[in-house]
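Visitor: Hey, I'm new to this. Please walk me through what's on the screen.
Guide: Sure, here it is.

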Number of protein chains: 2
Amino acid sequence: MSKPLTNRKEVAKLAGVSEATVSRVLNGVGPMKESTRERVLDAAKRLNYELNAVASSFARGKSGNLGVVLPYVPKVHLFSTYYFSELLSGIGEAVRSKGYGLLLLFRDPSAVYDYASLYRTQRVDACIVLGTNTAETELEGINRLAEERLPFCVMDQKFDNPLVSIVAADHEQGSYDAVKHLISKGCQRIGFLNGSMQYSNSWDRMSGYLRALEEAEIKFDESIVYQGNYSRTSGKNAAEDVYRDLNELDAIFVGNDRMAIGLMQGLREKGCRLPEDLKIVSYDDSDAASLTEPPLTTVKVPFFEMGRLAAERLLALLADKENSEPIISEKLQTELKVRKSSGS
Amino acid sequence: MSKPLTNRKEVAKLAGVSEATVSRVLNGVGPMKESTRERVLDAAKRLNYELNAVASSFARGKSGNLGVVLPYVPKVHLFSTYYFSELLSGIGEAVRSKGYGLLLLFRDPSAVYDYASLYRTQRVDACIVLGTNTAETELEGINRLAEERLPFCVMDQKFDNPLVSIVAADHEQGSYDAVKHLISKGCQRIGFLNGSMQYSNSWDRMSGYLRALEEAEIKFDESIVYQGNYSRTSGKNAAEDVYRDLNELDAIFVGNDRMAIGLMQGLREKGCRLPEDLKIVSYDDSDAASLTEPPLTTVKVPFFEMGRLAAERLLALLADKENSEPIISEKLQTELKVRKSSGS
DNA sequence: CATAATAATGTACGCGTGTACATTATGGCA
DNA sequence: TGCCATAATGTACACGCGTACATTATTATG
C-alpha cells in the first residue's frame, strides 16, 4: 500500500489522452491546450497521482540529488559543531528552492574516498565536500574528482588545483581584522593560538595575523604562537603555556571559539581575570561565543551563506551546463563582532 | 563523461555470460560457479563498472533512502544544534552500515506537511520525523502518515495515536532524577523554568518534577513555576521573575541548557552568586553545559543513540516486513551529570 | 479556398536493472 | 548407462517515465 498507487497510464485513461500528453502537462513541456491541461491535472488529482521520482530520475538519467559529503569519525560527533549546522541549513535552503534532494554522505577521513563513484552510480548529480584537510588521502580524492570534470565544490579549504571549485571565507582578512582590533586597543604583544595546520585556513589565519603585525611594525615572535587543534580541550591545554607567558602578553588571537572557550576556562582556573589580564579575540561567532564570561569578541563567518552559495552555483551549473562557469571560486567576507573579551 | 560509462551489457559481453548472470553475481543472488563469479567481477573491474543506483532503485521499486524530516525556519534556529547534530550523527551511523541513503527533508512547520507524498513519489522508503510539536498542523500530518501504515518514526515526542512509532527519552524520569538530586542537596523550595507546553516532553518534565516533590512531601507551588520557550533569551527574560522570588527559592530546575545559560546570565547581571544564591539543574547536557561558570548539573539525553535506534529499527522493518513489529516504541534512559551548578 | 506553417497530440521506444521462468549442465545413484 | 535432482545459466519482460518522431488539428496567408 505504500507503492505508488497509480501510474501515468491510469491518469491518461481517465483524462482521455495519451501518456505522453500527461507527461508533458506534468512537466510543463511543449505547447498544449489549456483545456487538456486542466483535464489531465484534474484526473491526476482525482487519482491522487504524483510523479514517481525514481522512475523520473531513471528516465532522465539524473538522480536529482545534491550530495553533501561529511567526514565521519564514529566517536567524535563531528556534526556537533556550529559550522556544519549552519552550512547544512544554507545548502538546504538552496536545494529546497530548486526542487533537488539533499543526500548526506559520510566519508571515512582515513581512506581515499571515491567521489567519482557517487556520480558513476548516479547517486548524486553534484556534491559539496565539507571538512576536507590537506592530508594526502583527502587531496588525492579531490584531485581525482576534479580531473574527471565532475560538478562539485569544496567548502572553505584551498586547493592548488585550478580545476577545484571552492567557496570559502576570507580568513586572511578576518584574522587581519581581528588582530588589528587588538592593536587598536593598544595591544602590542599579541599571541596566537592557532588550529591544526592541516587545514588551509589555519595558514590563512597565520597570514592575516602576520600582516596585521607587520603593518603595525610589531616584530613577529614565534615564542608566543601556540598550537591547538580547534578542540576545546586543546584550548584548555594551551592555557598552561599561555599562563606561563602571561606577562609577555597583552592579548591573544585564537583560531576558533571552541579553543578560546577552553583557553578561558584553563586561565580562569589558574586565577586569571579576563579580559583584564589578557584580551582575547577568537573566530567563528558560534552560538557559544556570546555565552561565555566575558562574551567573546570574535570573527563572524557567513557559513549559512557559504552553504547556500555553493549549492546554488552547483545547481545552476547543472541546469545550464553551457552558460555557467564550470569552476566556482568565491570568497566571502567575514565580520568582526566586538564584545567584552577584547576589553571593549 | 559523468554518465555511467558502461552498463551491464558490456560487462556481460566481456565476461562471456548473460546479463542476468552479471546481475546475480553483483547482488549475490542464487547459486553460481566460483569461476563465473570471478570472471564477472574481473570484467566489471576492468570496465570500471558499478551498478547504477537509480536504475536499480527503479527496478526494485524502492528508493533506498531513509528520509529525515526537519522543521525549517530560515532565520530562527529553533532547536539547539546539539540536538539535531547528535540525532543526525546517530541516524547516519545506522544508515551507513546498512547501505541506505540519508535524504534530508525540510518541512515548513506552519503548514500541514504531506508526508505520504514522500512515499508516493518514492523519494524515501521510510522516514524519521524530528522536532514535531502538538500543533494542529503537525498532528494532522503525522496522523495521516500513521493511518496509511507507512514506515516512519517520530523522535522524542508523544502521540496519542497507537499507530505512531516513537523513539523517545524518559523525560519524566530524567526530571524526577534532577529534582530529587536537588532535594538530596537539602533544597526544599525548588522552582521550575519549563519550556513551551506545545512539546509533549515539557509535560513529561512537569510530571517528573511533581513526582519528586510529592515523594519528598513538598507542596507544589505554582507561583515558582516559570514559563520559557527553550531559547536562551527566554531564560534570560525569566531571570527577572526568578530574581524577584530569590528568597523564596533554594534551587531551580530548568527545562534545557540554553534556558539555564540565559537564566544564569540574567541572574549574574543582577549580582547573583551561583550556585550560592541559587542552585540550578538543567537538561540536555549539550556541549555548552560544561562551558558555563559554574558548569551545569544537567540531565544527559542519549540523542545519538536515539537516532541510531530509530534508524536501525526502521531499516530492519524494511528488510523484513514480515517478522518485524511494525510499531516502534522505545524509551531510553537519561543520566544525571552532576557538576557545580547544583552546589556539588 | 488552397497551402503552408504551427500547435497539439499520439506512437513507440529506450533508459539499466531485477527476476520469474525456461533451459542446459552437472553429479549422484541404481 | 539411464534417470533425476539440483546447480548454473540464459531468455524475456516489466518497471514508469521522457522524448524523438509521426501524425493530426488549427490557424495564418495569399
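Guide: A bit of vocabulary first: Ala, Val, Leu, Ile, Met, Phe, Trp, Tyr, Cys and Pro count as nonpolar, Asp, Glu, Lys and Arg as charged, and the others, Gly among them, as polar. This is a predicted model, where local features need pLDDT of at least 70, side-chain atom pairs count only at pLDDT 80 or more, and totals for chains, interfaces and linings use all residues. Residues are numbered from 1 along each chain as its sequence is written, while chains are lettered from A and ligands numbered from 1 in the order in which they are written.

Visitor: OK. So how do the residues near DNA strand C divide up by class?
Guide: There are 14 nonpolar, 9 polar and 6 charged ones. "Near" says that a residue's C-beta atom, placed from the backbone, lies within 6 Å of the strand.

Visitor: Which residues are closest to strand C?
Guide: Out of 29 that surround it, the closest are A:Ser18, A:Ala20, A:Pro31, A:Thr36 and B:Arg8. Helix H2 (19–27) and helix H4 (53–60) of chain A, plus helix H2 (19–27) and helix H4 (53–60) of chain B, each give two or more residues to that surface. H2(B) has the largest share, with 6 residues. Helices (H or I, at least four residues) and strands (E, at least two) are DSSP runs, numbered from the N terminus.

Visitor: And which ones come nearest to DNA strand D?
Guide: A:Arg8, B:Ser18, B:Ala20, B:Pro31 and B:Thr36, out of 28 residues around strand D. Here H2 and H4 of chain A and H2 and H4 of chain B are the elements that give two or more residues. The classes come to 14 nonpolar, 9 polar and 5 charged.

Visitor: Where is B:Thr36 found?
Guide: In helix H3 (residues 34–47) of chain B. B:Thr36 counts as partly exposed because it has 16 C-beta neighbours inside 10 Å; 20 or more would be buried and 12 or fewer exposed, with C-beta atoms placed from the backbone. Leaving aside neighbours within four places in sequence, B:Thr36 is in contact with B:Val17 and B:Thr21. "In contact" is for C-beta atoms, placed from the backbone, that lie within 7 Å.

Visitor: New topic: what rotation superposes chain A on chain B?
Guide: One of 180°, with 0.1 Å of shift along its axis and an RMSD of 0.1 Å. The fit is by least squares on the C-alpha atoms of residues with pLDDT of at least 70 in both copies. The two copies are thus related as by a two-fold rotation axis. In chain A, the C-alpha of A:Leu103 is nearest that axis, 2.4 Å away.

Visitor: How many residues does the contact take from each chain?
Guide: 44 from chain A and 46 from chain B. On chain A's side, H4, helix H5 (82–98), strand E2 (101–107) and helix H6 (115–120) each give two or more residues.

Visitor: How many bridges join E2(A) to E2 of chain B?
Guide: 3 bridges, and the strands run antiparallel. A:Leu104 has B:Leu102 as its bridge partner there. Strands count as paired if DSSP finds at least two bridges between them.

Visitor: Last one: what is the order of the strands in the open sheet of chain B?
Guide: E7-E6-E8-E9-E10-E12, 6 strands with mixed pairing. Strand E7 (225–227) and strand E12 (335–337) of chain B are at the edges with a single partner strand each, so one side of each has no neighbour in the sheet. Within the sheet, E6 (residues 190–194) and E8 (residues 251–254) of chain B pair in the parallel sense over 4 bridges, and B:Leu193 stands opposite B:Val254 in E8(B).

Conventions
Contact = placed C-beta atoms within 7 Å.
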